[in-house]
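Student: Could you take me through one part of this model closely? I would like to look at the place where the two protein chains meet, and then follow it outward to the DNA.

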There are 2 protein chains.
Amino acid sequence: MKIKKKEVEQRMKYFETVCHDKGIKLTHQRMEIFREIAQTEDHPDADRVFQRVRGRIPTVSLDTVYRTLWLLKDLGLVVTLSSSRERTRFDANLQTHHHFVCEQCGFTRDFFSDDLDTIRLPDSVGSLGEIKATHVEVRGICRKCAENRKHIGPNALYP
Amino acid sequence: MKIKKKEVEQRMKYFETVCHDKGIKLTHQRMEIFREIAQTEDHPDADRVFQRVRGRIPTVSLDTVYRTLWLLKDLGLVVTLSSSRERTRFDANLQTHHHFVCEQCGFTRDFFSDDLDTIRLPDSVGSLGEIKATHVEVRGICRKCAENRKHIGPNALYP
DNA sequence: TTTAATGCAAAAGATTTGCAACATG
DNA sequence: CATGTTGCAAATCTTTTGCATTAAA
């Protein structure tokens, strides 16, 4: 599904502003890679972005796509589905439950809530398909990572 | 964090029952791999399971761990965090929103809900760390996949 | 004894890195 | 023009597969 042209233009403008403010060069590749994500609602992965951008810049390389994607994430211009650069993780707890995940170190802990288990979803969701399960993912910074940051100072990128 | 011994025993019992009922052989490796996930709350990935099981079965191989993990998932004995065997996917929508994900094909669509954006989390969550974002992941089967299943019949494993 | 499961080694996939050439500001 | 960015090729990491051997039922 396509995002409205006007919205895409706004996203591009914002992208350009952020890059300019942070002294990040606005290359042809970066613009097309960002545009690709900005103009679709289907949340492509790196390879899909690569395939599509290649249609417009035939010489673009996959590693540039990867580098740009993580850059965009660091700049806060895109978000990732499924927390981070993580491998698949397994859980033997079959009760309905939810997760807190640390964005920094991947620390994950279950939590339980009857309220959350019974949340009502908008009707529009039901029309997308048959719903099997609903669960809540809370992303944050765990205590240990917060503690480390304090010691190192607020500007440390990787504690 | 460790799961209570009694709970682990129950999970093991259930695992053994399911394997027996489905005619799946109860090998030493499978038992230790399942036990590893059943006895911890930290949701290990394949390699972490491998490292830990290796402490007890030094000759176990990583590919057996992978095969067993996916088998356990097919049997419904474990669940995976972050939907499926997917690569990281990117999203330029910075508004708070939620996702419907098809378990079969990975089809993903945003949805919005003021109710969900303001859900109240149990206090226990706050004690795990600083909360940055909360979002709801709905897993299901999209209409297209449901349609395909119908044509092929209810027993088709992979339409 | 029969059949499925394992371990090995190798293949296939995905992502990252070093470096010379190049483009942006 | 200076520096950051790209593309390439190669390295690295993760996951899967084919096949002979082994073990469960």
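Tutor: Happy to! Between chain B and chain A, about 5800 Å² of area is buried, and carbon and sulfur atoms give 62% of it. Please keep in mind as we go that this is a predicted model. The size of an interface is often given as the accessible area lost when the parts come together, so that is a handy place to begin.

Let us see who takes part. On the chain B side, 64 residues are in contact with 64 residues of chain A. Three residues stand out in chain B: B:His43, B:Phe90 and B:Leu128 supply 14% of the area that this chain buries against chain A, more than any other three residues.

Now for the symmetry of the pair. Two copies of a chain are related by a rotation about an axis and a shift along it. Here, a turn of 180° with a shift of 0.0 Å along the axis lays chain B on chain A with an RMSD of 0.1 Å. Those values are the relation of a two-fold axis. If you want to find that axis in the view, go to B:Val136, whose C-alpha is the nearest to it in chain B, at 2.2 Å. The two copies also use the same surface, as 100% of the contact residues of chain B recur in chain A.

It helps to know how a single chain is laid out, too. Chain A is divided into domain 1, residues 5-81, and domain 2, residues 95-152. Taken over C-alpha atoms, the centres of these two domains of chain A are separated by 27 Å.

From here we can step out to the DNA, starting with strand C. Around DNA strand C there are 20 residues, and those that come nearest are A:Leu26, A:Tyr66, B:Lys25, B:Thr27 and B:Gln29. Of the atoms of DNA strand C that come within 4 Å of the protein, sugar and phosphate account for 70%. The bases are approached as well: a polar side-chain atom of B:Lys25 lies 2.8 Å from a base oxygen of DNA strand C, and one of B:Arg67 lies 3.0 Å from a base nitrogen of that strand. B:Thr64 instead places a polar side-chain atom 3.0 Å from a phosphate oxygen of DNA strand C. The elements giving two or more residues to this surface are α4 (62-74) of chain A along with α2 (28-38) and α4 (62-74) of chain B. The largest share, five residues, comes from α4(A). By class, the surface near DNA strand C has six nonpolar, five polar and nine charged residues.

Turning to DNA strand D, 20 residues surround it, with A:Lys25, A:Gln29, A:Arg30, A:Thr64 and B:Tyr66 the closest. Sugar and phosphate make up 69% of the atoms of DNA strand D that come within 4 Å of the protein. In chain A, an N or O atom in the side chain of A:Gln29 is 2.7 Å from a sugar or linking oxygen of DNA strand D. Phosphate oxygens of DNA strand D have partners too: a polar side-chain atom of A:Arg30 lies 2.7 Å from one, and a polar side-chain atom of A:Thr64 lies 2.9 Å from one. The elements that contribute two or more residues near DNA strand D are α2 (28-38) and α4 of chain A together with α4 of chain B. Here α4(B) gives the largest share, five residues. The residues near DNA strand D divide into six nonpolar, five polar and nine charged.

Note on methods:
Residues numbered from 1 in each chain as written. Chains lettered and ligands numbered in written order. Predicted model: local features only at pLDDT ≥ 70, side-chain atom pairs only at ≥ 80, totals over all residues. Heavy atoms only, no water. Near = heavy atom within 4 Å. Polar contact = N/O pair within 3.5 Å; in protein donor to acceptor, adjacent residues only side chain to side chain. Helix = DSSP H or I, 4+ residues; strand = E, 2+ residues; numbered from the N terminus. Nonpolar A, V, L, I, M, F, W, Y, C, P; charged D, E, K, R; others polar. Domains from an automatic or database assignment. Least-squares fit on C-alpha atoms with pLDDT ≥ 70 in both. Contact = heavy atoms within 4.5 Å. Buried area = accessible area lost by both parts, 1.4 Å probe.
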